[in-house]
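I opened a fresh notebook page for this one, and here is what I looked up, entry by entry. Feel free to follow along.

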Amino acid sequence: MDVLISGAGIAGPALAHWLSRFGFSPTVVERAPSLRAGGQAVDFRGEAHLSVLKRMGVLDAVTAASVSLPDMVFRDPSGRERCRLPASFTGGEVEIRRGDLSRLLYEASVSDAEYVFGDWITSLHDDGAGVDVTFAHGRSRRFDFVIGADGMRSGVRRLVFPEYRPKFHGYYFAIWDADCDDRDMTCAPGVLTAPGWLMFKSSIPPELMPDALVAPGVYFDSISQVRMPKVSSGRVTLIGDAGYGSTLGGMGTGLAVVSAYVLAGEMAAGGDAFARYEALIGPYARGCQGNPGPFLAPATRLGMWVRDRMFGFLPKAPLFARIDLQRATAIKLPDYAPVR
């Protein structure tokens, strides 16, 4: 069966890898002209994340490309340290730059998948037996299934579920030096800055600029969350941030690779695959969502004082240190049998 995947970030290439191993013919369409390089470090933690990477055969490569990050230090405008979070508390077992991970997943799937860069989906027509797709530049094509793996601003979600938009949580952030590992942060009420990084509180949810209007190397977005009662309709479904996004929530990358494994396995099993996929991934994905804005950049001086006290306490409390690990492992992965 022919499957169209929209998005070549993390979830898309991971899904293409698994679909090809289960005997599908995946095509990945990506709006950007090439893979997006750089990006901040993302992490994997717990058995679910690491098990999927191992089953994919990429765990050793991911580990080899891993990076070590310093502590996260919060300072006032004069440079005085207010509090810090040790890297051992904020990170996972493996940290890797997002661009490096995207490249590894692309390399693991490109020999068995068709990749089309510089194009995107403009319309979808699901007639129950297949999906007719038109593109901005390429010829129209028909696929058995379409998967939206195109992030928080998913074009597939806008076409199929126009009533659902990411819920704005009152903060924005920007990254403009993807290779900077300096985590010395200067803070004021509602504002947090670091070399190459900015987060600020705003009550105004403006329309975000399209990629073409953002300077090269700059990533700007709102801190938002995607909450939908279902992420599938007919022969179309959503994966990763497109269906369960939570900007800077800390779990999106692990969720993407786990979801890709489950979705491909359920599609290979046939029947009502999308319903089974949602039943398995939905509760797990919603448990991984979070809103880091008030946590990192409280809007008041009192809130900053509370944050400082809390951050001083967290590393000394093993129970709190394990919360993210518990969320990351809160799924029992089925055993699927790839055809090759």
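**Entry: a helix over strands.** Which strands does helix α9 lie across? I keep in mind that this is a predicted model. I found that α9 (residues 273–288) lies across β11 (145–148), β17 and β18. I noted its direction too: α9 runs at about 15° to β18.

**Entry: the sheet of six.** I then traced the strands beneath these names. They belong to an open sheet of six strands, in the order β7-β2-β1-β11-β18-β17, with mixed pairing. I looked at the ends: β7 (114–117) and β17 (232–233) have a single partner strand each, so one side of each is left without a neighbour in the sheet. At one of those edges, β17 and β18 (residues 236–238) are antiparallel partners over two bridges. I checked Ser-233 as well, and its bridge partner in β18 is Val-236.

**Entry: the sheet of three.** I turned to another open sheet, where three strands follow the order β8-β9-β10 and pair in the antiparallel sense. Here β8 (121–126) and β10 (141–143) are the edge strands, and because each has a single partner strand, one side of each lacks a neighbour in the sheet. I read off the twist, which averages 25° from one strand to the next. Between β9 (residues 131–135) and β10 I found antiparallel pairing over three bridges. Asp-132 sits opposite Arg-142 of β10.

**Entry: the cores.** Which residues have the most contacts inside the largest nonpolar core? They are Met-267 and Ile-281, in a core of 73 residues. Helix α8 (residues 252–269) contributes the most to this core, with ten residues. I followed Ile-281 further: leaving out residues up to four places away in sequence, it touches Tyr-244, Leu-255, Val-258, Ser-259, Val-262 and Ile-331. Apart from this core I found another one of 20 residues, including Phe-74, Leu-85, Phe-173 and Ala-297.

**Entry: Met-72.** Is Met-72 buried or exposed? Its relative accessible area is 11%, under the 20% cut-off, so I wrote it down as buried. Met-72 belongs to strand β4 (residues 72–75). Beyond its neighbours within four places in sequence, I listed Cys-83, Arg-84, Leu-85, Arg-183, Met-185 and Leu-296 as its contacts. I also took one backbone distance: the C-alpha atoms of Met-72 and Ala-87 are separated by 6.7 Å, with the two residues 15 apart along the chain.

Key. Residues are numbered from 1 along each chain as its sequence is written. This is a predicted model: local features need pLDDT of at least 70, side-chain atom pairs count only at pLDDT 80 or more; totals for chains, interfaces and linings use all residues. Side-chain values use heavy atoms; hydrogens and water are left out. Two strands pair if DSSP finds at least two bridges between them. Helices (H or I, at least four residues) and strands (E, at least two) are DSSP runs, numbered from the N terminus. Axes are lines fitted to C-alpha atoms, for helices over the stretch in contact, and angles run from 0 to 180 degrees between N-to-C directions. Contact means heavy atoms within 4.5 Å. Buried means under 20% relative accessible area, exposed over 50%, partly exposed in between (1.4 Å probe, protein chains only). A nonpolar core is a set of buried Ala, Val, Leu, Ile, Met, Phe, Trp, Tyr and Cys residues joined through side-chain atoms within 4.5 Å.
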